[in-house]
Each structure stands twice: as C-alpha cells, then as structure tokens.
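Reader: I am new to this structure and would like a close look at a single part of it, one helix of your choosing. Please place that part in the whole before you go into its detail, and then take me on to a few other spots along the chain.

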Amino acid sequence: MKFTLSWLKDHLDTEASLDEILYALTDLGLEVEEVTNPAARLADFTLGKVVHAEQHPDADRLRVCKVATDEGELQIICGAPNAREGITVVVAKPGVYVPGIDTTIAVGKIRGIESFGMMASEREMELSDEHDGIIELPSGEVGDRFIDWLAENDPAKVDPVIEIAITPNRPDALGVEGIARDLAARGLGTLKQYDVEPVPGDFPCPVPVSIDADTLDGCPLFAGRMIRGVRNGPSPQWLQDRLRAVGLRPISALVDITNYFTIDRNRPLHVFDVARMNGGLRVHRATGGEGLTALDDKQYTFEPGVMVISDDTGPESIAGIMGGAATGVTGETVDVFVESAFWDHIQIALAGRALKINSDARYRFERGVDPAFTLPGLELATQMILDLCGGEPSEVVIAGAEPDHSRAYRLDTDRVQSLVGMKIDAETQRATLSKLGFVLDGDMAQVPSWRPDVQGEADLVEEVARVASLTGLEGRPLPRLTSGVPKPVMTVAQRRAQAARRTCASLGYNECVSYSFIDRASAALFGGGDDATMLENPISSEMSHMRPALLPGLLQAAARNQARGFMDLALFEVGPAFHGGEPGEQHNLITGLLVGRTGPKDVHGASRPVDLYDVKADAEAVLAAIGAPAKVQIRRGAREWWHPGRHGQICLGPKKVLGVFGELHPRVLAAMDVKGPAMGFTIWPDEVPQPRKSGATRAALELRDLQAVERDFAFVVDTDVNALDLVNAAAGADKALIEDVRVFDEFIGGNLGEGKKSLAVTVRLQPSKTTLKEADIEAVSAKIVEKVTKATGGILRG
C-alpha cells in the first residue's frame, strides 16, 4: 500500500514529522517497507541568480555566467540555451551530488575557463524528463534551499512516498483514510471528517440493474447512476501527480477518479460507457464457457459459478475484479454509468485465482471493503466527476440491500492486564476505541463496518494494546510454581527420543527429517496405502498417503543420494508412523538404514559391505540407551519387506516385539530404486517397558566373587531347527544360575545322516552364593540336555 505524505494529511491534521509518522505506523502494525523522499536527494541544491552572462570565447554553445549564491558570486559555465542574465536558477555547488547524471560536482575547466558549479535542469534532478534548458524559477531568494521553494510552490515534487505492508486482517488500512484513523488514535493528529452530501438526480436512470437470486450471496448490493454529457479529458495535475507517486499511470479523468477512490477510501468503482452498452446491467453467475476481453486486453473464459456483470448482449465486466474492454471509457465517451457494489470476499478470491487476474479491485474486495460505504462512495465519485468532467447525474438505482454486519462485544477493561500484561486505565481504553470508530454503549462496543477482523472481546483488547504501543510491555519472569529445583518436564517418550537421537548420531548415522506423506506405491510396500490413511487434499500425487513406517522416507533419501554419487549411507529418523486416519492411530518409531560399505576402500582391506550384524549391534545400542532390558530373544517372523532369511525380531516374549533388524527385501529395494543390499532396523520405543523406578539414581553394582564355570554341549538336531530355539531351551534350564548361552559351532554332513546337523553351545554358569561342586554342575547339565531334547528333539552328540 503506497501513499504520499500530503495525501495522508488530507485526512490527518497533524504537525508530526515524517520520522514520527513512520515509527508510529510500524508500531501500530502497519510495517513501513520503503520510504521514497525526493527532498533527501535534493537537500543540497540552493537558489541562485544569474547576474551576468556572456559568450564563451572558445565555444559557440557555451556561456560564462556570474551567479549570485549564498557563498558569494560563482563563475559557472553553462550550455543551456536559456542561460541568461536575470533569471533565478537552481545551483549545485562543488561537492553536491546530482542524481540525474550520477555525478558529484567538482571545480573544473571547460575550454580553458574554470567553472565552480552547475545550474541544473529538471531531468538532472530527476524531477521530470525535461532537459531542453536549465530550471527558471518565477520567484525565490538567493541562498534559499530548493526543496523549501518546491514545498511552497510545487509540493508534489518533494512529497515523500510511504509504502507499508498490509496484513490480511486489516483491509481498512488499504485506504489512506484508514491509515490516518490509526495515526489519529495513536495521538499524532486529528482525523478530518468529511460529510457526504447526496448528489440529487436530475432524471430517472435509463440503465436498470438487477441481481439474480442465486447471486445475492455473492453480491448483496449493486448500485449505480448514469451521468450524461461528461468530458473525459486528462485529469488535473494534482490527481495525476498523486497517482504517479503510488505507481499508477494516469489514463483519463474518469478512470483516474475511480483509481483515486480505490486508494483514498478503499472503495473500488467502475465506469461503463453507456453508448457501448445494450440495455441494463445484470449481476449473475456464469454458466460456463462465456468469454470476455478485459481492460488488460486479455481474453478470459469463465468457469461455472463465476460472478459477472452483463448487459443484454453478454458479459461486460468480471464482477469485483476487472471491467471489460468493450464498455471501457475513452476520450469520446459522453454518457457513463458509475457502478459501486459490495462483493463477497471469498467468492472474489476464488474467481481471481481461477482466472489468474491480479488487480487493485480484487486485492481489496477479497480482503474486505466497508459495506456501509458502498452508497457514500458512489456519491463522492459522482461529485468529483461533476467537478472535473461536468455532466448531469441521474437518480441512483439500487439492486439488493446493504448486508447487516452489525455486532457488538463487551469491553472488559481489566482484560488488558490479564491478556496483554499492560496497565491502561479504563477511560484511555474507551477513548482509544472511540477514535478507531467504535461506538460505545455502556460496556458494549459496536464494531465499525470497516473492521471485519474484529470478531470478539479479545480483539477489542488487542486494538487498545496496539494503539497504546506494545513497546510499553515490561518483561517479567514467570513465577515459579514450586520452590527449589523444578522437576523434569520431559516425558519418558521425549527422553527416549532424545537418547535415541544422540545414540544414533554417536554411531555415525545422519538424522533425516522427512515428510509424513508418501505416495501410494511406496506406502503399499510397507503395509500401508489404504483409504484410511489417504489424504483428502494432498500437496501432490507423491504425498497422497500417511506413512506406515519410516523406512520409505529413508529409502527415498538414499535413492536421491545414490543418484548424486553418494553410495555409502548411514541414515536414521525418529518420528511417528500411522496405521489409521483417526486421532491416536499412530505409533512412534526409531529407524536406521545402512547402505553400501562400512567405509572407504583402503590398503588394509578394512572396508566391507554392511551386513545385518552391523544393524543388530546398532539396534541393541539404541535399545540399551532407551532403557530396554538386556536379556531379549531374537526371533524370526517379521513383515514381508524384510529378507525372509536375514532378519531378526528383538522380543521380550512371543508377543512383545521391541524391534526388528536385518536386510531389506530385494523386491522393495528395486521398487524404491535403491542399489543394495541395504540393512535397517526399526524400534518401537513405546513397547519398551517403563522403568520401575522413576528416580535418576542407579541400582547398586553387583560384583560376584565366585568362580564362573563354562560347559560345552553339542546336540544333533534336524536341519530345520533354529539355533535360537536351542539356545532359549538351554537358557531356561536354570535361569538363576545360567548367565549366558552362546553358539560356537555348526556342523552338517559326515556321519550325522541326511537332514541332521550339529549345534555346539557354550553355557556359562555363574553362582551367587556358594562355589559350584561337580554334583551341582552335573545336575544343571542334565537339566540342559532334558530341556533341549524336549524343545528341539535333539540328542546329545557322543
């Protein structure tokens, strides 16, 4: 939103300086983005008077001038054709920067004669494109600053241009009057009040207007009037200067007037050439397929439901967005119809996006204009057209009615302290709201029609605090709820996630943070991709489903890295996965992925491809870090995306799975475009049992001073018997005494027979009370043989 300082002062009676206004705007929430102050670059130019001028002895087009300045008489060489004795000029003395030619003036010689300055033209000072001669001023005293002369005689040339950022909730600040109202409430002046006098009509309007019944929700009010006998020439210089200052190109008086009210009062208007219309105007919805060449000379085709303004021949304007070229006004226009309407902001936004049109009218209507100013805006525009273009106005024709946006909220003057933390007395609060246009009736504040953003009591508090300035807030530490050292606030799940991240990072993994959305095909590879986890409005087709696991995101990251030449990867992620679309149908996961080799190749041959034992060790380290029990079981039976013979489930029992590790299935890697093999692990931290003690102290260290005993056993079992089943059976023979069972040998063939193998294990016995005797060892050994025989059908190898 751009405006000039003089434009602002049309609505604000103020003595505040430019810097004070700029600071107040930003502090009020209307952030100043840029200030263009022409006076700043012209501050060093002064007025002078040519007291003598003569021909340069060595140049036909140069003159040697004696110029009276505030520093005395200076000799200046000038080539302008109008350089002559007696004129008042603008002087740039040595050391002055001239913006139009990007030069700092210095003393120099021109054809052998010294020159001590320069007499400037308008183009050299970036005031206009005029450069046929130097500036001649009709008045002014020698030594006066040129910017002071401009401020008095041609203020538009030194009028600062201010640009502010408008947040979507402040449509009232899209008009200069709304900005002035905020500054007046802050105390930087007084808001000027202008009465809107209705312009009486001299004849009935020959252009009827109507709104279709199904369009009243998008256009509740449509009004206008005809003005005949206008003269649509150039607009006056003051209006052209203002429009140019804010970046608009003056076109003609009628168009410039509508643009003026768009900026001045946030009231977009449109003017139709009646001679180029057929019949009345009807506001309706497009059926689809209709077309229109708009004022930007582009052809637009309407989708069904877009609001348009049509005459008897078809669409003539895109409602609330842009008029049509066919009925646009020209220099030959004599009779016009001035339209002022109120449009629904959501429907204007949808239509503008569908048609890809950006215009000042759309920008304002989609944010919200003042519905109560629809008819007053028409009256003001009518009066300005009569003043600048002449003509005879008709009576106003109206279709629909102004929508009722009245609402009131209770002003609780104590809530400023509780909500904002500022102490503002009640009378100041009420005065602030009154200056902002609120009507107070007791404790109820009636919201003005131009503030659609105020929707509750808290918004009243915000307005009071905003105008009072939030810089007045004093920082105060929150009081402690308890004395002493506060208790930890992190939950067990949060502490586990933190420990898992640190452990994975210490193991050499790089953390990934991937989207929770993946494509259907990738989700289906990991047990997802159903309708329950499908998004209604996905960002793209590649993010259509909630992820069922973290592995798809890690594999996609690995594929992208491999495509760029990074083949050896260690990635991990901690986050949620989803097994349904309802709240709570999610679970936390810790997932790691190893791809490629353990390190770069070297002369020692230490580099090797990663294997499942690498991820097994990493998974066990993570489980230990998050507090999982040390004694676990390794079982098979994981989901289908794991290699069927190269994986293991980490369990506390048949139904308590803490995690899974192993090689990923080649079919999955091929579908994800990952060059394998790839090893991974997934841990369910929520399945890890909660610690029995919540304190931070560790249990006492138990050191056993009794000698441990190890015994080796070799069993002949069927080849389809898992070694884990044998280990678990042996360990269960005496859980108090048996500390560890390890497989150290497997033998197949020889005299064992077809379908048999030999598994050898070492059993470590650790007594805690007395030293083991031979009889005790033999008794435990018998139990081990019995348990293994019962569980696996194996026999002790002789």
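Author: In what follows, Lys and Arg count as positive and Asp and Glu as negative, while His and the chain ends are not counted. On that footing the protein, which is shown here as a predicted model, carries 83 positive and 115 negative side chains, and the centres of these two sets lie 12 Å apart.

The whole comes before the part. The secondary structure amounts to 20 helices and 42 strands, and the radius of gyration is 42 Å, well over the 28 Å that the globule rule gives for 798 residues, so the protein is more spread out than a compact globule. Its C-alpha trace spans about 130 × 80 × 60 Å along the principal axes. Of the 798 residues, 47% count as buried, and the accessible surface comes to about 40600 Å², with 50% of it belonging to carbon and sulfur atoms. Among the contacts with a separation of 6 or more, 68% join residues that are 24 or more positions apart.

The part I would choose for the close look is helix α10, which runs over residues 374-389. With 16 residues at 1.5 Å a residue, α10 should span 22 Å, and because its end C-alpha atoms are 22 Å apart, the model agrees with that expectation. Counting a residue as buried when its relative accessible area is under 20%, one finds Thr374, Gly377 and Leu378 buried in α10, and further along the helix Glu379, Leu380, Ala381 and Thr382 are buried as well. Met384, Ile385, Leu386 and Cys389 are also buried residues of α10. It helps here to recall that an α-helix has 3.6 residues a turn, so residues three or four places apart point the same way.

What covers these buried residues? The cover of α10 includes both helices and strands: α6 (237-245) and α7 are among the helices, and β16 (221-228), β24 (336-342) and β25 (392-393) are among the strands. Just after α10, glycine 390 takes a positive phi of about 75 degrees.

One of the covering helices, α7, leads on to another spot, since asparagine 266 lies in the loop between α7 (253-265) and β17 (270-273). Asparagine 266 has a positive phi of about 55 degrees although it is not a glycine, and at 6% relative accessibility it counts as buried. Glutamate 126, likewise a residue other than glycine, has a positive phi near 60 degrees; it sits in the loop between β12 (118-119) and α4 (146-153) and, with a relative accessible area of 42%, is partly exposed.

Two further spots bring together stretches of chain that are apart in sequence. Glutamate 474, in the loop between α13 (457-468) and α14 (492-506), counts as exposed at 59% relative accessibility, and its C-alpha atom is separated by 8.1 Å from that of glycine 421, which is 53 residues away along the chain. Aspartate 718 belongs to strand β39 (residues 709-718) and is partly exposed at 33% relative accessibility. Leaving aside neighbours within four places in sequence, aspartate 718 is in contact with Gly755, Lys756 and Lys757, and 8.6 Å separates its C-alpha atom from that of serine 758, 40 residues apart from it along the chain.

How values were computed. Residues numbered from 1 in each chain as written. Predicted model: local features only at pLDDT ≥ 70, side-chain atom pairs only at ≥ 80, totals over all residues. Heavy atoms only, no water. Helix = DSSP H or I, 4+ residues; strand = E, 2+ residues; numbered from the N terminus. Rg over C-alpha atoms; globule rule 2.2 N^0.38 Å. Buried < 20%, exposed > 50% of the residue type's maximum accessible area, 1.4 Å probe, protein only. Contact = heavy atoms within 4.5 Å. Areas by Shrake-Rupley, 256 points an atom, 1.4 Å probe, with all protein chains shown as cover. Charge placed at Lys NZ, Arg CZ, Asp CG, Glu CD. Expected span 1.5 Å × (residues − 1).
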